[in-house]
Amino acid sequence: MDHEQSFASYEQDALKSIEAAATADALEAARIEFLGKKQGRLKDLQGALGSVPVDQKPAVGKRFNEIKDRVTAAWEQKKLMLESAPKKAAGSEFDVTLPGAGLSLGKLHPLTQTIEEFKDIMARLGFESEEGPEVEDEWHNFVALNIPEDHPARNPLDNFYLSVASTVTKEARLLRSQTSTVQIRTMEQRQPPIRIVSVGRVYRPDQIDATHHMMFHQMEGLMVGPDVTMASLKTVLQLFATAYLGENVPVRFRPSFFPFTEPSVEFDVRRGNGWLELGGAGMVDPNVLSACGYDPEKVSGFAFGLGIARFCMMRHGIDDIRHFYENELRFLQQF
Ligand code: FA5
């Protein structure tokens, strides 16, 4: 084979090999075979140049360089092409090198943010967080809370009953109407001293308006021990309101009635010219302590139940509780 033929066959094979290389590894293998400096076909061609007659050397050398440059250029071009090709994950059309479309990661719902902050504030005051079931029996929702059978709060029209009492179920079941159920569950399982909060959903067939919904969140608080007094209750609620709503928030405690606390108060915060009721509270009724196996002569306790959405509305100037449940993005994005 003369030089021209060797050059042509080298160039043809090299270009074919480079063209066929579909991966960086294959292209590298082609480089080693056709452009390698220490061994390979280019090196062989170069070696053969030694036998070219002196008078032909300049022309053959020039040809050699031209071919080498063409193969090198083809190799570099292919390298660029492979590097800029879309990097698709195996079996996917997804190109990981394309710039992102700037999707927002989303945020926690304002009520969830409020719940986290409530738990945080109460943890700083030494209250652990407990959970209780949303589907309850009448014992935990009413009986142990000193709410007798004929009490209006047990009216089937004012509750979401799920089943009636039968020989199988023993007790009627309902969606809990208050988180006070967790007071009972906690006292049944633990001995004083107790300092807990429990946050969760409660359900009531209330008429929906700007401050009422049929499903809403409450935070229950319970503290039981040898020296728990009404002063402890007022201090904790005042500290809590200050921590969440700010230093100068005017609060008031209004005498009220709950079957499971004695005395009982309603806890209001100033809103405009009026007051917004944020929760109920009081000293745990001795009957409730007894129902849970405690001796009311030895321990006392306070409890409170706060409406979470109403606190959040107060802080952010939200005028209607329904905003929380409509999931309008323009509302949610503000938090
Ligand atoms: C209770 O639910 C008592 N369990 C609170 C309690 C606990 C008293 C422990 C004493 C000891 P009340 O029904 O008032 O109380 O509800 C408490 C708070 O929940 C209200 O002040 C209000 O902030 C919120 N709330 C009540 N009903 C609704 C509703 N339909 N929609 C939104 N929030 C509500």
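How many salt bridges does a search of the whole structure find? The search finds 20 of them, a salt bridge being a side-chain nitrogen of Lys or Arg within 4 Å of a carboxyl oxygen of Asp or Glu. The model is predicted, so local features need pLDDT of at least 70 and side-chain atom pairs count only at pLDDT 80 or more, while totals for chains, interfaces and linings use all residues. Residues are numbered from 1 along each chain as its sequence is written, and side-chain values use heavy atoms, with hydrogens and water left out.

**View 1. A salt bridge within helix α4.** The side chains of glutamate 66 and lysine 62 meet in a salt bridge, with 4.0 Å from N to O. Because these two residues are four apart in helix α4 (residues 57-84), about one helical turn separates glutamate 66 from lysine 62. Helices (H or I, at least four residues) and strands (E, at least two) are DSSP runs, numbered from the N terminus. Side chains of opposite charge can pair when their charged atoms come close.

**View 2. The shell around the ligand.** Of the 26 residues around the ligand (each with a heavy atom within 4 Å of it), Gln178, Arg204, Asp206, His213 and Glu277 come nearest. The shell divides into eight nonpolar, twelve polar and six charged residues; here Ala, Val, Leu, Ile, Met, Phe, Trp, Tyr, Cys and Pro count as nonpolar, Asp, Glu, Lys and Arg as charged, and the others, Gly among them, as polar. Strands β6 (215-225), β8 (261-271), β9 (274-284) and β10 (300-307) each supply at least two residues of this shell, and β9 gives the most, with five.

**View 3. Oxygen atoms of the ligand and their partners.** An N or O atom in the side chain of glutamate 277 is 2.6 Å from an oxygen atom of the ligand. Backbone atoms also take part, since a polar backbone atom of leucine 278 is 3.1 Å from a ligand oxygen, and a backbone N or O atom of glycine 307 lies 3.4 Å from a ligand oxygen.

**View 4. Two cis peptide bonds and a positive phi.** The peptide bond from proline 192 to proline 193 is cis, with omega near 5°, and proline 193 is placed in the loop between α7 (181-189) and β5 (194-203). Another cis peptide bond joins glutamate 262 and proline 263, with omega about -5°, and proline 263 is found in strand β8. Asparagine 146, in the loop between α6 (138-141) and β3 (160-163), has a positive phi near 70° although this residue is not glycine.

Methods: Polar contact = N/O pair within 3.5 Å; in protein donor to acceptor, adjacent residues only side chain to side chain.
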